[in-house]
Amino acid sequence: MPYANKPIVDVLQITDENIKLSVRDTDLSVVNSLRRIILSEVPTLAIDWVQISRNSSVLIDEFIAHRLGLIPIVSDAIIDKIRFARDCFCAEYCDDCAIEFNLDVKCGTEGNLSVKASDLISSNSIAAPSTSKQITADDYGRMDDVVIVKLRPGQQLRLKAYARKGFGKEHAKWNPATAIAFEYDPDNALRHTRLLKPDEWPKSEYSTLASDEHEAPFDIMGKPNKFYIN
């Protein structure tokens with residue numbers, strides 16, 4: 001299949017939260033390889049080292065460290081300038097291979113206080129935790145930030161953390177996307193999926209069928225040629 005190595009990619013939609021692509025003139029294995037590469041080979045920043053000096057919350061140190069590691073960090077403008085830890089000449093951490101974050105929150109009110117990702121103070125303003133403050137209330141119906149832990153009156157959390165550059169294949173915290181899916185037969189003409197009641201299944205947004213049709217005629221000689229990645 002000589003054309004499989006020369007796919008044509010079209011960008012259908014780009015938003016702050018989602019990217020939609022179409023890939024044609026290639027093979028199913030190539031598109032699936034592209035999906036896996038995006039998940040495992042795109043470098044990102046994630047918190048990799050945490051030193052907790054004060055924690056009187058209900059969560060243990062290890063639990064909080066794990067939650068910090070899963071907070072997404074916006075690093076588009078700096079990711080290419082950050083070195084991998086294995087390529088840096090420093091003893092532990094430096095500005096060339098890590099971004100320092102500090103957090104010091106104490107509940108001084110009568111009610112509970114939520115410690116959020118926005119409370120993390122970055123040593124580099126270009127790299128900061130990604131929060132839902134960038135999303136309008138109409139999209140999700142709320143404007144909540146990523147909650148790390150909740151403190152009761154008098155409780156305190158103080159820590160220092162370092163974010164490092166890594167790949168998703170090393171740890172899930174470095175995944176650049178939550179999920180990547182693709183489809184190649186929006187009208188089910190190839191019958192790779194058996195629908196007992198096609199009229200009860202929602203149509204794909206890429207369907208070319210008429211409004212009163214629910215499934216394309218079976219194409220026994222058909223092969224996937226165009227793929228839609230989301």
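**Cysteines, a helix face and a pocket**

Student: Which cysteine holds the sulfur closest to that of Cys90, and why is there no bond?

Tutor: This model is predicted. A disulfide needs two cysteine sulfur atoms within 2.5 Å. The sulfur of Cys90 is 3.5 Å from its closest cysteine sulfur, so the distance is too far for a bond. That closest sulfur belongs to Cys88.

Student: How many disulfides does the rule give?

Tutor: The cut-off for a pair of sulfurs is 2.5 Å. Cys90 misses it, with 3.5 Å to the sulfur of Cys88. The count of disulfides comes to 0.

Student: Is Cys107 buried or exposed?

Tutor: Buried means under 20% relative accessible area. Cys90 is partly exposed at 26%. Cys107 has 3% relative accessibility, so Cys107 counts as buried.

Student: How far apart are the C-alpha centres of domain 1 and domain 2?

Tutor: Domain 1 takes in two segments, 8-40 and 182-229. Domain 2 covers 43-174. Their C-alpha centres are separated by 37 Å.

Student: Within what arc do the buried residues of α2 fall, seen down its axis?

Tutor: Helix α2 spans residues 61-69, and its buried residues are Ile64, Leu68 and Gly69. They line one face of the helix, because the arc that holds them is 140°.

Student: Which residues are exposed on the other side of α2?

Tutor: An α-helix has 3.6 residues a turn, so residues three or four places apart point the same way. The buried face of α2 carries Ile64, Leu68 and Gly69. The exposed residues on the other side are Glu62 and His66.

Student: What separation do the C-alpha atoms of Ala98 and Val146 have?

Tutor: Ala98 lies in strand β5, residues 98-106. Ala98 is buried, at 4% relative accessibility. Val146 is 48 residues away along the chain, and the C-alpha separation is 22 Å.

Student: How far apart in space are Ser75 and Ala128, C-alpha to C-alpha?

Tutor: Ser75 sits in the loop between β4 (73-74) and β5. Ser75 is buried, with 6% relative accessible area. In sequence, Ser75 and Ala128 are 53 residues apart, but in space the C-alpha distance is 7.2 Å.

Student: What is the volume of the second largest pocket?

Tutor: The lining has 19 residues. Asp185, Pro186, Asn188, Thr193 and Leu195 are the closest of them to the pocket centre. The space in this second largest pocket is about 390 Å³.

Student: How many residues of that lining of the second largest pocket are charged?

Tutor: Asp, Glu, Lys and Arg count as charged. The lining also holds 8 nonpolar and 6 polar residues. The charged residues number 5.

Student: What is the phi of Asn188?

Tutor: Most residues other than glycine have a negative phi. Asn188 lies in the loop between β11 (182-183) and β12 (226-229). Asn188 is buried, with a relative accessible area of 9%. Although Asn188 is not a glycine, its phi is positive, at about 60°.

Student: What relative accessible area does Arg191 have?

Tutor: Arg191 is found in the loop between β11 and β12. Arg191 has a positive phi of about 60° and is not a glycine. Partly exposed means between 20% and 50%. Arg191 falls in that class, with a relative accessible area of 33%.

Student: How far apart in space are Met221 and Leu190, C-alpha to C-alpha?

Tutor: Met221 has its place in the loop between β11 and β12. Met221 is exposed, with a relative accessible area of 72%. Leu190 is 31 residues from Met221 in sequence, and the C-alpha distance is 8.3 Å.

Note on methods. Residues are numbered from 1 along each chain as its sequence is written. This is a predicted model: local features need pLDDT of at least 70, side-chain atom pairs count only at pLDDT 80 or more; totals for chains, interfaces and linings use all residues. Side-chain values use heavy atoms; hydrogens and water are left out. On a 1 Å grid over the protein atoms alone, a cavity is a set of points where a 1.4 Å probe fits but cannot get out, and a pocket is an open set with protein on both sides within 12 Å along at least five of seven lines; lining residues have an atom within 4 Å of a point. Grid points are joined across faces, edges and corners, and a volume is the space filled by probe spheres set on the points. Buried means under 20% relative accessible area, exposed over 50%, partly exposed in between (1.4 Å probe, protein chains only). Domain bounds come from an automatic or database domain assignment. Helices (H or I, at least four residues) and strands (E, at least two) are DSSP runs, numbered from the N terminus. The arc is that of the directions from the helix axis to the C-beta atoms.
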